[in-house]
Amino acid sequence: MLRNTLIAAGLAIVPGALAQNLYSNASPDPNTPALASVSSTGSGVPAPGGASWSEVGDAGPVVGANAAAGFAAHVGGPNALAYRIADDVVVPSGSSWSVTSMTFYVYSPGFSGASPISGANLKVWLGQPEAQGSLSVTSTTAAPVVSATSIYRVFVTNVGPAITSPDTSRQIWAVTVPVAARLDPGAYWLDLQLTPSSPNLPLYVVPATLANGRTSAGWNARQQVDGAWQAIADTGKSALASPVAQDLAFLVAGSIGNVCDSVDFNNDGSLFDPTDIDAFFSVFSEGPCVPSGATCNDIDFNNDGSFFDPQDVDAFFSVFSEGPCL
Ligand SMILES: [Ca+2]
Ligand SMILES: [Ca+2]
Ligand SMILES: [Ca+2]
Ligand SMILES: [Ca+2]
């Protein structure tokens, strides 16, 4: 519980480091979204000059292709059900992310205009959205930055029975939501809903798309449909296709920070204990661990490689008062 409190309270952003892309879901390169963009479709149709296609994933004519180009994530309206969409991201142990934004890829079929999106509501959870035991980490309705890409989402072009021709009616928009959250190691879920720029305009989030294949081990994106969460399964195209799990294409930007040692500095099982302060300062002045017989942590409290460093004192007191690692 204490651990949870620490994480839930740890929302301060440490200034200094420049934001960069830290993670791209289902992609080996943090700067490249998993859209499998190509200059020519599987059927050999070239993209318009300067543009590219993002073709729905397939695993060949026998195993078949995915059927869905995207998954709805728009607010409800008089003529529309309400949707949310979610996927997970793991912050690895020994790391800490000071997140500044998260970017999703979205299209609205047939839309032409300045922007199909006017707002976003993004929640970050420890655990699945709204599941028992999950904790809300942060939530924002900050205005997203919406920019047109030169990538067009298209249905599969080389798996039947009905072959579709690619077209430019599904332009993909990059939707960057500002987020200010410090994420310590753990499994987080991003839970997104989008508001269209005009009522009842449908908005679809593009799933993670592979150059070859319909799914990958561990894919687990979820969608809330009219209030009920469910795992997303693409039913598939072709008589032999079976439903497979999906993930979403998204980027996380920010900076990587340090992870501090446990505030139980003398490892006696008692946390937020004044004897840990005594122990810290004893070791900091090259004295013994206290009480006698206890084994203290090393003095590089913030694990930045520098020790007997005043920064470690600042970091210790910050964590001791349930603040962030510094
Ligand atoms: Ca996932
Ligand atoms: Ca202690
Ligand atoms: Ca250390
Ligand atoms: Ca240090």
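**Exercise 1. Strand pairing around β9**

Determine which residue stands opposite Val145 in this predicted model, and establish how strand β9 is paired with β10 and with β3.

*Solution.*
Step 1. Val145 has Thr176 of β10 opposite it.
Step 2. Strand β10 covers residues 171–183, and five bridges connect β9 to β10 in an antiparallel arrangement.
Step 3. Strand β9 itself spans residues 145–154; four bridges link β9 to β3 (residues 52–55), and these two strands run parallel.
Step 4. Within the pairing of β3 and β9, Ser54 faces Arg153.
Result: β9 is joined in parallel to β3 and in antiparallel fashion to β10.

**Exercise 2. Overall organisation**

State how many helices and strands the protein chain has, which domains are assigned, and how far apart the domain centres lie.

*Solution.*
Step 1. The count is three helices and 17 strands.
Step 2. The domain assignment places residues 2–257 in domain 1 and residues 259–326 in domain 2.
Step 3. A distance of 41 Å separates the C-alpha centres of the two domains, while the C-alpha trace of the chain extends over about 75 × 40 × 40 Å along its principal axes.
Step 4. Among contacts with a separation of 6 or more, 72% are between residues 24 or more positions apart.
Step 5. Buried residues make up 41% of the 326 in the chain.

**Exercise 3. The buried side of α2**

Identify the buried residues of helix α2, explain why they lie on the same side of the helix, and name the element against which they pack.

*Solution.*
Step 1. In α2, residues 274–284, the buried positions are Asp276, Ala279, Phe280 and Val283.
Step 2. These residues occupy an arc of only 100° around the axis, and therefore share the same side of α2.
Step 3. Their packing partner is α3 (310–320).
Step 4. Just after α2, Glu286 adopts a positive phi of about 65°.

**Exercise 4. Nonpolar cores**

Which residues touch the most other members of the largest nonpolar core, and which residues does Val205 touch?

*Solution.*
Step 1. The largest nonpolar core contains 64 residues, of which Val106 and Val205 touch the most other members.
Step 2. Leaving aside residues up to four places away in sequence, Val205 touches Gly70, Phe71, Ala73, Ile85, Phe104, Tyr105, Val106 and Leu248.
Step 3. Another core, of 12 residues, lies apart from the largest one and includes Phe265, Ala279, Phe280 and Phe301.
Step 4. Ala279 and Phe280 also belong to the buried residues of α2.
Step 5. As a general background, nonpolar side chains in soluble globular proteins tend to be buried together.

Conventions:
Residues numbered from 1 in each chain as written. Chains lettered and ligands numbered in written order. Predicted model: local features only at pLDDT ≥ 70, side-chain atom pairs only at ≥ 80, totals over all residues. Buried ≥ 20, exposed ≤ 12 C-beta atoms within 10 Å, placed from the backbone. Contact = placed C-beta atoms within 7 Å. Pairing = 2+ DSSP bridges. Domains from an automatic or database assignment. Arc of directions from axis to C-beta. Core = buried A, V, L, I, M, F, W, Y, C linked by C-beta atoms within 7 Å.
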